[in-house]
Amino acid sequence: MTDRNDDLFSAAREVIPGGVNSPVRAYGSVGGTPRFLASASGATVTDAAGNEYVDLVASWGPALLGHAQPEVVAAVQEAATRGLSFGAPTEGEVELAALIADRVRVGEARPVERVRLVSTGTEATMTAIRLARGATGRDLLVKFSGHYHGHSDGLLAAAGSGVATLALPGSAGVPAPIAAQTLVIDYNDPDALAAVFAEHGERIAAVIVEAAAANMGVVPPLPGFNRLLADTVHAHGALLILDEVLTGFRVHPAGFWGLQAEAGEEYLPDIITFGKVVGGGMPLAALGGRADVMDLLAPLGPVYQAGTLSGNPLSVAAGLATLRLATPEVYATVDAAAARVSRALDEALTDAGVTHAVAHAGNLFSASFRATAPRTYAEAQDQESFRYAAFFHAMREQGVALPPSVFEAWFLTAAHGEEELQRIEAALPIAARAAAS
Ligand code: PLP
């Protein structure tokens, strides 16, 4: 029997490649028909056939406060009455940039002195890399296998997220000389880091790293690894780009960097990229960093970056409202909900006899179907990932929407209340048994 989702998927495939505007939405790794969403509110989403699900995707991260949070929606509506886009500076941009810079601090440490607003995480990382190259006069970039930083040419080599899901080594259409500027090494591997700097140290402009990897499933940095990265790049005159597009303002008011700094792992990235939560569900992202580096951006400096919709007033309104509402209580609520769901997930898989490991990075977590939590991309891929499809569909049948790939993090929001958490807890044992068979 088909429903409205099937009809829409058929129609979509006639006009949109694969029927989707971002590959992971096509359910390639779990099979079946993607749910076409009609609306979302709080902790739930409703599909085109009228089915409601408790949502653990949160728009892939932005919905920290829950979907359609009334004050955020009101802020966007109010901004819309004053004009949709100006292509000129606005007061709101100044407020948002100042808020970002102010929030990303722990004690005296304050890595964000200047902020440039862009529209997507891809733009933020792309610009950060150009800036690092402009600042150092060097070409090479080091990235980690399984880390995803968006879809710009130089960053798809051994990337996570949709690239991991589709098992593509990179992408067609990236010229070999561009791919050759990116050196890919294993994550959490100090020897690989030392080796790449020993061989290419004088040509490396920057290392880009997810503050905690969450696009090959959640794979946190080993203790001390991010500090070692900062020490190594700085010893060689290169820059550290900390990608907090996913983790920024989600795991802590000062991002994963803040979480680590508070726990005593102190290091200073030169550029940090933000996205997702910072735009509150609207297209907005940012890069921030040391003033002397950031001031190399045009119009002050020689590194060009621009955008018709950069600092869009509706996006800025959503971002400002979201960050202002993201109080310590919000983080405590999300952390507690994540701890409860991840514990229930762990217990359900254990009770069903499914070999698994649940890994955490603050309130982000995911399960992998292997005995120990992966530390590298190779380990993340070495699991019984086929079990996730049965697990995913069983959860969906119980009215819980999970990310449609084992390589994605699960996202809780401040809107997940007792009722939604109980619905998830009731569904997990059923899904775990489906994964076991
Ligand atoms: N960096 C990280 C760590 C991400 O998780 C993502 C997206 O998931 C990006 C960059 C790219 O952001 P966008 O999808 O907004 O281009």
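Helix α4, spanning residues 121-136, is the biggest contributor to the shell around the ligand, putting in three residues. The model is a predicted one, and the shell it shows takes in 16 residues, of which G121, T122, G150, V245 and L246 come nearest to the ligand. Chemically, the shell is a mix: nine of its residues are polar, five are nonpolar and two are charged.

Then there is K276. An unreviewed UniProt entry puts the feature "modified residue: N6-(pyridoxal phosphate)lysine" at this position. K276 sits in the loop that runs between β9 (271-274) and β10 (285-289). With 25 other C-beta atoms within 10 Å, against a cut-off of 20 or more, K276 counts as buried. Setting aside neighbours within four places in sequence, K276 is in contact with W60, G61, P62, G121, V245, L246 and R250. G121, V245 and L246 turn up again here, having already been listed among the residues that come nearest to the ligand.

Zooming out, the domain assignment splits the protein into domain 1, made of 27-65 plus 327-436, and domain 2, covering 70-325. Their C-alpha centres are 25 Å apart. Where the two meet, 30 residues of domain 1 are in contact with 38 of domain 2. On the domain 1 side, at least two residues each come from α12 (328-351), β11 (357-361), β12 (364-368) and α13 (377-381), and β12 has the largest share, with four residues. As for the make-up of that side of domain 1, 17 residues are nonpolar and 12 polar, with one charged residue completing the set.

Conventions:
Residues are numbered from 1 along each chain as its sequence is written. This is a predicted model: local features need pLDDT of at least 70, side-chain atom pairs count only at pLDDT 80 or more; totals for chains, interfaces and linings use all residues. A residue is near a molecule or strand if its C-beta atom, placed from the backbone, lies within 6 Å of it. Ala, Val, Leu, Ile, Met, Phe, Trp, Tyr, Cys and Pro count as nonpolar, Asp, Glu, Lys and Arg as charged, and the others, Gly among them, as polar. Domain bounds come from an automatic or database domain assignment. Two residues are in contact if their C-beta atoms, placed from the backbone, lie within 7 Å. UniProt positions are given in the numbering used here, feature names are shortened, and annotations may be inferred rather than shown by experiment. A residue is buried if 20 or more other C-beta atoms lie within 10 Å of its own, exposed if 12 or fewer, and partly exposed in between; C-beta atoms are placed from the backbone.
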